[in-house]
Amino acid sequence: MSNDFSKTQRGVSRRTLLAAMAGGGILMTTAARSQQAAWPQQPIKLVIPYPPGGGGDAVGRPLALGLERNLGVPVVLDYRPGAGGTIAAQLVNNAPADGYTLYLGDNGAVSVAPSYRAVGYRPTDFSYLGGIGELPLVLVAHPAVQAKDIRELAALSHVKPRGLFYASGGVATVHHLLAEMMRIEARINAVHVAYKGSGPASVDLISGAVDYAFLAPAGVVQHVQSGRLKALAVSSRQRLAVLPSVPTVAELGFPALQMSIMSALLGPNNLPASVSTRLTTALSSVLAEPEVVRSLESTGLQVVPRAPGPVRSAFEQDMEKWRNLIQTANLKLD
């Protein structure tokens, strides 16, 4: 009888242990779900691929403030300039997929750079959280450059013994590619000078160290208005509200130069679905706030909210477009 009791006791103990383990598993699953639902629980880092003072800064600040209001945690700007934005892209690509490292990405680093050289990632290696808008560029020159439009700039370049010097925010950025396309289209005799972002490029342009550049409106409007720079053209389809007297490239006879920087919010690949959804919803809410839209559009950005799927497709198609164009036109990207 004692033996039977012992067996019964062992059976009860085993059942008790299994029940406790199952209960613990339920508790662990519930805790994990609760923790996931409570995201975010710490500050979020928004990586900006350019130095302070440029177009990335002008877009990143109001975006970060809007995300803070929607997510309830601080969103800190982390500037990682250099290599045409690819340093920032590589950092985000290698970051933990927990939603605490985000990227204010553009097609220059995400789709253009991988189209012609190995950078360690492709457009498909990111989580797309939504499109922000499109940023046309302004062709600006130092006031001492005796040219009022693209054709006069080209003519001047052949009179100068060493030609002209143009700046960009980095090799293979959209700024650089657009200037290279213009060099070919308008037959301009010019040499490229690359910087670690639009901010340093504009400083040297204002000083007269270089002759011209394609730069974001936010970084040049005040300098055009003060006379420290002069605007020759804008790369948008229509004239910009912030520079209404400046003609488009198409108006000047160069429709092939119509181009904008696509801006989007990205994260590391394989973000948890719940985190991606929360971020996409927050971004959508931010871009619906009138004060945020006004702030972004004051920089020259054309706010065009887009869902993650279409944005990803746009970046993938952009990579193929530039790969073909770079090979066909033999663009100089070194």
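I will talk through a five-stranded sheet, a helix packed on it and an aromatic pair within it.

What we have is a predicted model, in which local features need pLDDT of at least 70 and side-chain atom pairs count only at pLDDT 80 or more, while totals for chains, interfaces and linings use all residues. Residues are numbered from 1 along each chain as its sequence is written, and side-chain values use heavy atoms, with hydrogens and water left out.

Let me start with the sheet, which is open and mixed, with its five strands in the order 7-6-8-5-9; strands here are DSSP runs of E of at least two residues and helices runs of H or I of at least four, numbered from the N terminus, and two strands pair if DSSP finds at least two bridges between them. At the edges lie strand 7 (190-194) and strand 9, each pairing on one side only. Strands 5 and 8 run antiparallel and are joined by four bridges, with V138 opposite L215 in strand 8.

Helix 8 packs on this sheet, touching strand 5, strand 8 and strand 9, where contact means heavy atoms within 4.5 Å. Its buried residues, meaning those under 20% relative accessible area with a 1.4 Å probe and protein chains only, are P217, G219, V220, V221, H223 and V224. After the helix comes G227, with a positive phi near 90°.

Finally, Y166 and Y212 form a stacked pair, 5.6 Å centre to centre with 25° between the planes; rings of Phe, Tyr and Trp (its six-membered ring) pair if their centres lie within 6.5 Å, and planes under 30 degrees apart count as stacked. Because Y166 lies in strand 6 and Y212 in strand 8, the pair ties together parts 46 residues apart in sequence.

Terms used:
Buried means under 20% relative accessible area, exposed over 50%, partly exposed in between (1.4 Å probe, protein chains only). Rings of Phe, Tyr and Trp (its six-membered ring) pair if their centres lie within 6.5 Å; planes under 30 degrees apart count as stacked, over 60 as edge-to-face and the rest as tilted. Axes are lines fitted to C-alpha atoms, for helices over the stretch in contact, and angles run from 0 to 180 degrees between N-to-C directions.
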